[in-house]
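Trainee: I would like a close look at a single part of this chain, namely the place where two neighbouring helices pack on each other. Could you take me through that part slowly, and then set it against the rest of the chain?

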Amino acid sequence: MLGAGGFSGGSSDGADVDALARAVIRGDYGNGVERKRRLGSLYGAVQARVNEILS
């Protein structure tokens with residue numbers, strides 16, 4: 001689930017990854033190291049989904 005400014009918990013299923021990827025595309029998570037820090041363990045899955053959406 002997305003809370004104001006970030007991920008607030010819940011499962012890491014496809015729907016969450018998709019929502020997070022769209023938030024990343026909007027710029028809600030910054031970029032580079034900041035994005036990695038804010039997404040934590042979900043970074044790889046979210047970044048892969050961002051790449052799919054933008055390709």
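Mentor: What follows begins with the chain as a whole, turns to the helix pair, and ends with the salt bridges and a few single residues.

Please keep in mind throughout that this is a predicted model, and that every value below is computed from it. The chain has 55 residues, of which 25% count as buried, and it contains three helices and two strands. Read from the N terminus, these elements follow the order β-β-α-α-α. The chain exposes about 3,400 Å², and carbon and sulfur atoms supply 52% of that area. Among the contacts in the chain with a separation of 6 or more, 41% are between residues 24 or more positions apart.

The part you ask about is formed by helix H2, which covers residues 32-39, and helix H3, which covers residues 43-54. Their axes lie 9 Å apart, and the two helices pack at an angle of about 120°. Angles of 65 to 115 degrees count as roughly perpendicular and those over 145 as roughly antiparallel, and H2 and H3 are therefore described as oblique to each other. On the H2 side the residues that take part are Arg35, Lys36 and Leu39, and on the H3 side they meet Tyr43, Val46 and Gln47. Sorted by class, this contact of H2 with H3 has three nonpolar residues, two charged residues and one polar residue.

Which of these residues deserves a longer look? I would choose Arg35, which has its place in helix H2 and is in contact with Tyr43 and Gln47. Is Arg35 buried or exposed? Its relative accessible area is 15%, and because buried means under 20%, Arg35 counts as buried. When neighbours within four places in sequence are left aside, the contacts of Arg35 are Val24, Tyr29, Gly30, Tyr43 and Gln47. Arg35 and Gln47 are twelve residues apart in sequence, and their C-alpha atoms are 9.5 Å apart in space.

Helix H2 also carries a salt bridge, between Glu34 and Arg38, in which the closest N and O atoms are 3.5 Å apart. These two residues both lie in H2, four residues apart, which is about one turn of the helix. Glu34 is partly exposed, with a relative accessible area of 37%, and Arg38 likewise counts as partly exposed, at 29% relative accessibility.

Helix H3 has a salt bridge of its own, formed by Arg49 with Glu52, with the closest N and O atoms 3.1 Å apart. Here the partners both lie in H3 and are three residues apart, again about one turn of the helix. Arg49 counts as partly exposed, at 26% relative accessibility. Arg49 and Glu52 also belong to a network of salt bridges that links them with Asp18 and Arg22. The structure holds five salt bridges, and one of them joins the side chains of Arg26 and Asp28, at 2.8 Å from N to O. Of that pair, Arg26 counts as exposed at 54% relative accessibility, whereas Asp28 counts as partly exposed at 34%.

Three further pairs of residues help to place helix H3 against earlier parts of the chain. Gly44 lies in H3 and is partly exposed, with a relative accessible area of 45%; its C-alpha atom is separated by 9.9 Å from that of Val17, 27 residues away along the chain. Ala19 is found in helix H1, which covers residues 14-26, and is partly exposed, with a relative accessible area of 30%. Between Ala19 and Arg49 there are 9.8 Å from C-alpha to C-alpha, although they are 30 residues apart in sequence. Leu54 is also found in helix H3 and is exposed, with a relative accessible area of 58%. The C-alpha atoms of Leu54 and Ile25 are 8.7 Å apart in space, and the two residues are 29 residues apart in sequence.

To return to the part you asked about, H2 and H3 pack at an angle of about 120°, with Arg35, Lys36 and Leu39 meeting Tyr43, Val46 and Gln47, and Arg35 is buried.

Definitions and conventions. Residues numbered from 1 in each chain as written. Predicted model: local features only at pLDDT ≥ 70, side-chain atom pairs only at ≥ 80, totals over all residues. Heavy atoms only, no water. Axes fitted to C-alpha atoms, helices over the stretch in contact; angles between N-to-C directions. Parallel < 35°, antiparallel > 145°, perpendicular 65-115°, else oblique. Contact = heavy atoms within 4.5 Å. Nonpolar A, V, L, I, M, F, W, Y, C, P; charged D, E, K, R; others polar. Buried < 20%, exposed > 50% of the residue type's maximum accessible area, 1.4 Å probe, protein only. Areas by Shrake-Rupley, 256 points an atom, 1.4 Å probe, with all protein chains shown as cover. Salt bridge = Lys/Arg side-chain N within 4 Å of Asp/Glu carboxyl O.
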